[in-house]
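Subject: Structure handover

Hi,

Here is the structure for you to look over. My notes follow below it.

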Amino acid sequence: MNQKPFYAMSWEEVLRAGEARQTLVSSGGYLVCSRDRMFNEKDAMYLWRADIDNALFKGFDVPEANVKFTGTVVPKNIVAAGKEEKKSLVLNRKGKPFSWSFSAKADYDTCGGMYACKRFFCTAVDQQSEAMRDGNIKHKALELNIKDQKPLPANLAFALKYCDAFRKIGGKLEAEREITFDRGLKPVSWFAKDAWGRCKIDVLVRKGDTAVIVDWKSGKQKDDVEQVKLNAAFLAKLDPSINRFIGKYVWLKNDCVSGVEISRDEALEVWDRTMITLDEMEECWRTEEFRNRPSGLCGWCPAAPDCPDRR
Ligand code: SF4
């Protein structure tokens, strides 16, 4: 087993260890290769670079060669071994550093310009539609029922069967469970200055090595299960004892449930795939360059009035 911190290895050392199929673990705890696990150069490169970026961000010293090699996330004026990096971070127009959640990534996946308008230049007017307000009221009522068994309002009475079913599973039941990581995947509070990745799980039941992850949905029913899978990935990173993730969407308009079940390995793969997009998002944030992707969603985009690419 290689005992050296991953970020302290040169890329050549990583390659040599990979060729020899030594047990190699990134600083974030990801098994890069071993006698039983193939070395994948592309994945290893991504993890190694992420490790270096994290190390620099935290003010750890890294070898000179690695400092030169990196440049994905770390602003140029960060000092490798110092604590001066905070003031040199690229901040948005509200003075906040880069952070992300499922919805921020979804905005970025839709269009870089839309994402930037909402989260970097902060020019989008924060308007709550009637549907959003209604969704928030329903979420709150369901949260209070899960937490304190408070009666549901008449228009949500049908949803009591779902709340009861989650209670009946046994194990640890939580409503509005927040998971927030700093860059090193250390859990921090939701509003911590170094909060980097956030997820909120509407209902979480943990029993043995299984987690049931529930998301209340008040909008139109869809087949997409990405959000619940990303919630599973957050949980997998938080708690190594969970091996099975059962994701459920409860569609309040249609009074029905859909979902997906994934293993720990699948949840970790979701995380790794997400990190590839995250790398791109951070690079756009750092360079302040966001690519427009016109689509049928332009009509709902807050940047549309000033966007030359609007469809
Ligand atoms: S109007 Fe369309 S292309 Fe322009 S920023 Fe919005 S979504 Fe992107």
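Start with helix H4. Phe 102, Asp 107 and Tyr 108 are its buried residues. They pack against H5, strand S4 (197-207), helix H8 (226-238) and helix H9 (264-287). Keep in mind throughout that this is a predicted model.

Next, the pairing of H4 with H5. H4 covers residues 102-110 and H5 covers residues 112-119. Their axes come within 5 Å and cross at roughly 140 degrees. That crossing makes H4 oblique to H5. On the H4 side, the contact is made by Ala 104, Asp 107, Tyr 108 and Thr 110. H5 contributes Gly 112, Met 114, Tyr 115, Lys 118 and Arg 119. Sorted by class, this contact has 4 nonpolar, 2 polar and 3 charged residues. Note that Asp 107 and Tyr 108 appear twice: they are buried, and they take part in the contact with H5.

Now to helix H8, one of the elements that the buried residues of H4 pack against. Phe 234 sits in this helix. Is Phe 234 buried or exposed? Phe 234 has 27 other C-beta atoms within 10 Å, and 20 or more count as buried, so this residue is buried. Leaving out residues up to four places away in sequence, Phe 234 touches Ile 179 and Cys 199. Arg 264 is 30 residues from Phe 234 along the chain, and their C-alpha atoms are separated by 11 Å.

Then the ligand. It has 14 residues around it. Which of them come nearest? Those are Cys 111, Gly 113, Cys 298, Cys 301 and Cys 307. By class, the shell holds 9 nonpolar, 2 polar and 3 charged residues.

Last, the overall fold. The protein has 9 helices and 7 strands. Its radius of gyration is 21 Å, close to the 19 Å that the globule rule gives for 311 residues, so the protein is as compact as a globular protein of that length. The C-alpha trace spans about 65 × 50 × 35 Å along the principal axes. Buried residues account for 29% of the 311 residues. Take the contacts between residues at least 6 apart in sequence: 53% of them join residues at least 24 apart.

Best wishes

Conventions: Residues numbered from 1 in each chain as written. Predicted model: local features only at pLDDT ≥ 70, side-chain atom pairs only at ≥ 80, totals over all residues. Near = placed C-beta within 6 Å. Nonpolar A, V, L, I, M, F, W, Y, C, P; charged D, E, K, R; others polar. Helix = DSSP H or I, 4+ residues; strand = E, 2+ residues; numbered from the N terminus. Rg over C-alpha atoms; globule rule 2.2 N^0.38 Å. Buried ≥ 20, exposed ≤ 12 C-beta atoms within 10 Å, placed from the backbone. Contact = placed C-beta atoms within 7 Å. Axes fitted to C-alpha atoms, helices over the stretch in contact; angles between N-to-C directions. Parallel < 35°, antiparallel > 145°, perpendicular 65-115°, else oblique.
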